[in-house]
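Work through the exercises below with the sequence and the model in view. Each task is followed by a solution in steps.

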Amino acid sequence: MQRVLVYLTLVVTTTVFGQVDDTLDIRKTVDTFFEGFHKGDTTLMKSVMMDKVVLQTAFRNMEGKDVLRNDGNLSKLLETIANRPADQKWDERLLDYSIQVDGNMANAWTPYEFWFNGEFSHCGVNSFQLFKDGDQWKIIYLIDTRRRKSCLQE
């Protein structure tokens, strides 16, 4: 019986510590993405993304209708970031991280505020879907919400 308890303790401890390591690695992946975003370093951004990433935005339009917009392909996003005018400062401030992991799939939920040249622009939530490619977590899907007011979750 004592052997069984030791084995169960070992399995549970290994699982818990494995989850913690994955959670830290996933957070580092998201942080690296935004480090590249803020610096305009698309090479750094691509280092934590798969070649094909789905990009979408969910928002409510001026008429109050809910809209899901496909934001095109990854190369368009990277081109926009790489060609951002030097006089523009984009500052996406992540307010929290909620990370869930199941094997080689994960989700990172990150509420944020977006500031443009020091002025508040909008807020919302990013939802990153990640895949563990070998030993590295990579972003495969990113959807965000955007609101100009009522920044508490609706």
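Buried means under 20% relative accessible area, exposed means over 50%, and partly exposed lies in between. The model used here is predicted.

**Exercise 1. Classify Tyr141 as buried, exposed or partly exposed, and describe its surroundings.**

Solution.
- Step 1: Tyr141 is found in strand E7.
- Step 2: The relative accessibility of Tyr141 is 21%, so this residue counts as partly exposed.
- Step 3: Not counting residues up to four places away in sequence, Tyr141 touches Val53, Val54, Gln56, Ser127, Phe128 and Gln129.
- Step 4: With one of these, Gln56, there is a polar contact between side chains, at 2.6 Å.

**Exercise 2. Classify Ser127 in the same manner, and find the partner of its side chain.**

Solution.
- Step 1: Ser127 belongs to strand E6.
- Step 2: Its relative accessible area is 9%, so Ser127 is buried.
- Step 3: The residues touched by Ser127, leaving out those up to four places away in sequence, are Asn107, Ala108, Trp109, Tyr141, Leu142 and Ile143.
- Step 4: The side chain of Asn107 makes a polar contact with the side chain of Ser127, at 3.0 Å.
- Step 5: Tyr141 from the previous exercise appears in this list. Along the chain, Tyr141 and Ser127 are 14 residues apart, and their C-alpha atoms are separated by 8.0 Å.

**Exercise 3. Find the disulfide, give its handedness and state which parts of the chain it ties together.**

Solution.
- Step 1: A disulfide requires a pair of cysteine sulfur atoms within 2.5 Å. By this rule the count is 1.
- Step 2: The pair is Cys123 and Cys151, with 1.9 Å between the sulfur atoms.
- Step 3: The torsion about the S-S bond of Cys123 and Cys151 is about -95°, so the disulfide is left-handed.
- Step 4: Cys123 lies in strand E6 (residues 119-133), while Cys151 lies in the segment after strand E7 (136-145), so the pair ties together parts that are 28 residues apart in sequence.
- Step 5: The two cysteines also need a class of exposure. Cys123 has a relative accessible area of 2% and is buried, whereas Cys151, with 34%, is partly exposed.

**Exercise 4. State how many salt bridges the whole structure has, and examine three of them.**

Solution.
- Step 1: Side chains of opposite charge can pair when their charged atoms come close. The search of the whole structure finds 7 salt bridges.
- Step 2: Among them is the bridge between the side chains of Glu35 and Lys39, at 2.8 Å from N to O. Both residues lie in helix H1 (residues 2-39), 4 residues apart, which is about one turn of the helix. Glu35 is partly exposed at 37%, and Lys39 is exposed at 58%.
- Step 3: Another pairs Arg69 with Asp71, with an N to O distance of 2.8 Å. Arg69 is partly exposed, with a relative accessible area of 36%, and Asp71 is partly exposed as well, with 23%.
- Step 4: A further one pairs Arg146 with Asp144, at 2.9 Å from N to O. Arg146 counts as partly exposed at 35%, but Asp144 counts as buried at 10%.

**Exercise 5. Describe the backbone angle phi of Asn117 and where this residue lies.**

Solution.
- Step 1: Most residues other than glycine have a negative phi.
- Step 2: Phi of Asn117 is near 50°, a positive value in a residue other than glycine.
- Step 3: Asn117 lies in the loop between strand E5 (105-116) and E6.
- Step 4: At 36% relative accessibility, the residue Asn117 counts as partly exposed.

**Exercise 6. List the elements of the protein in order, then give its totals for burial, contacts and surface.**

Solution.
- Step 1: There are 3 helices and 7 strands in the protein.
- Step 2: Starting at the N terminus, the order of elements is α-α-β-β-α-β-β-β-β-β.
- Step 3: The protein has 154 residues, of which 33% count as buried.
- Step 4: Consider the contacts with a separation of 6 or more. Residues 24 or more positions apart account for 50% of these contacts.
- Step 5: The accessible surface of the protein is about 10,200 Å², and 55% of this surface belongs to carbon and sulfur atoms.

How values were computed: Residues are numbered from 1 along each chain as its sequence is written. This is a predicted model: local features need pLDDT of at least 70, side-chain atom pairs count only at pLDDT 80 or more; totals for chains, interfaces and linings use all residues. Side-chain values use heavy atoms; hydrogens and water are left out. Helices (H or I, at least four residues) and strands (E, at least two) are DSSP runs, numbered from the N terminus. Buried means under 20% relative accessible area, exposed over 50%, partly exposed in between (1.4 Å probe, protein chains only). A salt bridge is a side-chain nitrogen of Lys or Arg within 4 Å of a carboxyl oxygen of Asp or Glu. Contact means heavy atoms within 4.5 Å. Accessible areas come from the Shrake-Rupley method with a 1.4 Å probe; for residues, only the protein chains shown count as cover. A polar contact is a pair of N or O atoms within 3.5 Å; within protein, one must be able to donate a hydrogen and the other to accept it, and residues adjacent in sequence count only if both atoms are side-chain atoms.
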